[in-house]
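User: Please take a close look at one sheet for me, then work outward from there to the rest of the model. Keep it informal, and spell out any cut-offs as you go.

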Amino acid sequence: MELTQGSREPLLPRLQEAFGARILASHSECGDETIVVERDGMLEVFQQLRDRPEFAFNFLMDVTAADYLGKTPRFELVCHLYSLAHGHRLRVKVGVPEEDPIVSSLTPVWRSANWLEREVWDMFGIRFSGHPDLRRILLYEEFVGHPLRKDYPVNKRQPLVPERDPIKNDWKF
Amino acid sequence: MANPAGLPQEVDPAEETMELQMGPSHPASHGTVKFNLKLDGEVVTACDVEVGYLHRAFEKMGEQGTWNQVVPYTDRLNYASPFINNVAYALAVEKLLGIEVPPRCQYIRVILSELSRLADHETCLGMGATELGAMTVGFLLNEARELIYDISEAVSGARVTVSYTRVGGVTADFPPDAGERIRAALAHTRGIMVDCDKLLTRNRIFVDRMQNVGVMSQEEAVSYGVTGPLLRATGVNYDVRKAHPYSSYDHFDFEVPLGSKGDNYDRFLCRFAEMEQSMRIIEQALEKLPDGPVRVSDPRIVLPEKRDVYGSIEGLMNHFKLIMEGVKVPRGEVYHAVEGANGELGFYIVSDGSGRPYRVRVRPPCFVAMGALGHILQGGMISDIIPTFGMINMIGGECDR
């Protein structure tokens, strides 16, 4: 494959042309081009971002989320795409409301979505419809809550095996 | 003879699939990970990889302190190459701040990143070879790693938990003899590499265990988001240092070694060739190392000199504000990727304009690669799990965060 070089041509105008009203907002702070797309029909947008030759985003580099507690929608799903052919990056965000935290899974488009989405479910409690295997990944199934939510206390503990008091130990030596 | 009473009836062991749990503590897997296997004889018919045993809530802890207090946590991500994590995080925050560090600092970051890459590949290849019985190589590469840890210690004061970068620079300049020491270490490493090359590259046993094992096609690698040596072993030319140069990587002349088949042997060769390229970059950077400061000169970002802290009220206040409140990073979000030893290491950070990160996300290359491992192992032999897992080079600290 060809050696990729960073493309300098801005993406946002072309994206606006291609997707029009489906893009709710966009910015390119610090040179990171970002679009916010509607939750309904997001899968089709991602599909086209991968398949259209002018975008050709063949890498789903990262899927994560951020919790903006107190705002609506509360969560933002954040996906980072990369195109090997054009050498450009794109951040695609999807707003996710607190009362109905479910979005379409990207697993039909990229296989990397499988584990990355499991992590988002684990950490933020956002569900992915159409995901083949939505289990917790870094934490254990018995874990209650989703720790990267802003209302999860940082010092809360829920060990699988009860912790011992290190002072009152029963060591024999 | 008829079946004795109480024994199960007529089970043909050749018909049965066996379920086997390998790990989480297995002597041949460096890193705590569990493979839930379904076996048909010795053939793996299904494999579910379980990670998370080393989860330490890096991203949650990152939201608790100031921007610079995240740096020590980044050491503990990929502990085989801590400098690269330090640099990646610092570059992400600097991108959001809109600053560029002085040339000397950029070169120092490049030198240490490449030394880290060397150490990381030495870990991967040394351990991988040891697991296949080539213990001598393991010892030789451990010796080479030791040289790099000595340099880490001389430069940052710590062997592994280096915490060397800060937002806007690095903690300290190189010691005066750093160049000499690094050159001596590289010369020694080159000698060791010649020995390892003789011991491994055409070794019948090693080649038989590695070639055509753990094959991943280009399409699969791209779809799984696999980057780094694993992707390049399939022949895809993607290296962040070349595609999107950061920290003056465009000043250096180096090649990106590529494989063709995407099997374990290609991964081994790619890593091995990358070590030589890293050494070339280090030598060029030492040659051209510019003079000058190693931090930006903005008092809102870097700590004042100690004599100002103790000698003037402005210096003291400046120090106090930076320590207690942290660097004020403008509101916004940014993603910055560097080429980690295992692939694209990206930081996505969100600032609400205060002195503390609102969200710190790391895109760990080996977590993504581990996502593909179950698929790669399927259809292979149980004994091939060890070399394939070894070449993925999962680092628990980074995978589980």
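Analyst: Chain B has an open sheet of three strands, in the order 1-2-3, with antiparallel pairing. Strands here are DSSP runs of E with at least two residues, helices are runs of H or I with at least four, and both are numbered from the N terminus. Two strands count as paired if DSSP finds at least two bridges between them. This is a predicted model, so local features need pLDDT of at least 70 and side-chain atom pairs count only at pLDDT 80 or more, while totals for chains, interfaces and linings use all residues. Residues are numbered from 1 along each chain as its sequence is written, with chains lettered from A and ligands numbered from 1 in the order in which they are written.

At the edges of this sheet sit strand 1 (18-22) and strand 3 (43-50) of chain B, each pairing on one side only. From one strand to the next, the twist averages 20°; axes are lines fitted to C-alpha atoms, for helices over the stretch in contact, and angles run from 0 to 180 degrees between N-to-C directions.

Now go strand by strand. Strand 1 of chain B is joined to strand 2 of chain B by five bridges, in the antiparallel sense, and B:Leu20 stands opposite B:Leu37 of strand 2. None of this strand is tucked away: of the five residues of strand 1 of chain B, the number buried is zero, so it lies largely in the open. (Buried means 20 or more other C-beta atoms within 10 Å of a residue's own, exposed means 12 or fewer, and partly exposed is in between, with C-beta atoms placed from the backbone.) On the other side, strand 2 (residues 34-40) of chain B pairs with strand 3 of chain B over seven bridges, also antiparallel. One of the pairs there is B:Asn36 with B:Asp48 in strand 3.

Follow the chain past strand 3 and you reach B:Ala57, in the loop between strand 3 and helix 1 (58-62) of chain B. B:Ala57 has a positive phi of about 60° although it is not a glycine. Most residues other than glycine have a negative phi, and most peptide bonds are trans. B:Ala57 is partly exposed, with 17 other C-beta atoms within 10 Å. B:Ser248 makes a similar exception, with a positive phi of about 65° and no glycine to excuse it; B:Ser248 sits in the loop between helix 10 (240-243) and helix 11 (264-288) of chain B.

Strand 3 also leads you towards the inside. B:Met370 touches B:Val49, B:Val51, B:Ile392, B:Met394 and B:Cys399, leaving aside residues up to four places away in sequence; touching means C-beta atoms, placed from the backbone, within 7 Å. B:Met370 is, with A:Leu81 and B:Val93, among the residues with the most contacts inside the largest nonpolar core, which has 160 residues. Such a core is a set of buried Ala, Val, Leu, Ile, Met, Phe, Trp, Tyr and Cys residues joined through C-beta atoms within 7 Å.

For contrast, chain A has an open sheet of five strands in the order 1-2-5-4-3, with mixed pairing. Strand 1 (23-27) and strand 3 of chain A are at its edges, each with a single partner strand, so one side of each has no neighbour in the sheet. Strand 4 of chain A runs antiparallel to strand 5 (residues 89-96) of chain A, with eight bridges between them; A:Glu76 has A:Gly95 as its bridge partner. Helix 3 of chain A lies across strand 3 and strand 4 of chain A, at about 5° to strand 3. In the loop between strand 3 and strand 4 of chain A you'll find A:Pro73, which is joined to A:Thr72 by a cis peptide bond with omega of about -10°.

Finally, where the chains meet, 31 residues of chain A are in contact with 35 residues of chain B. The elements giving two or more residues to the chain A side are strand 3 (59-67), strand 4 (75-82) and helix 3 (113-124) of chain A. Strand 3 of chain A supplies the largest share of that side, six residues.

Terms used: Contact = placed C-beta atoms within 7 Å.
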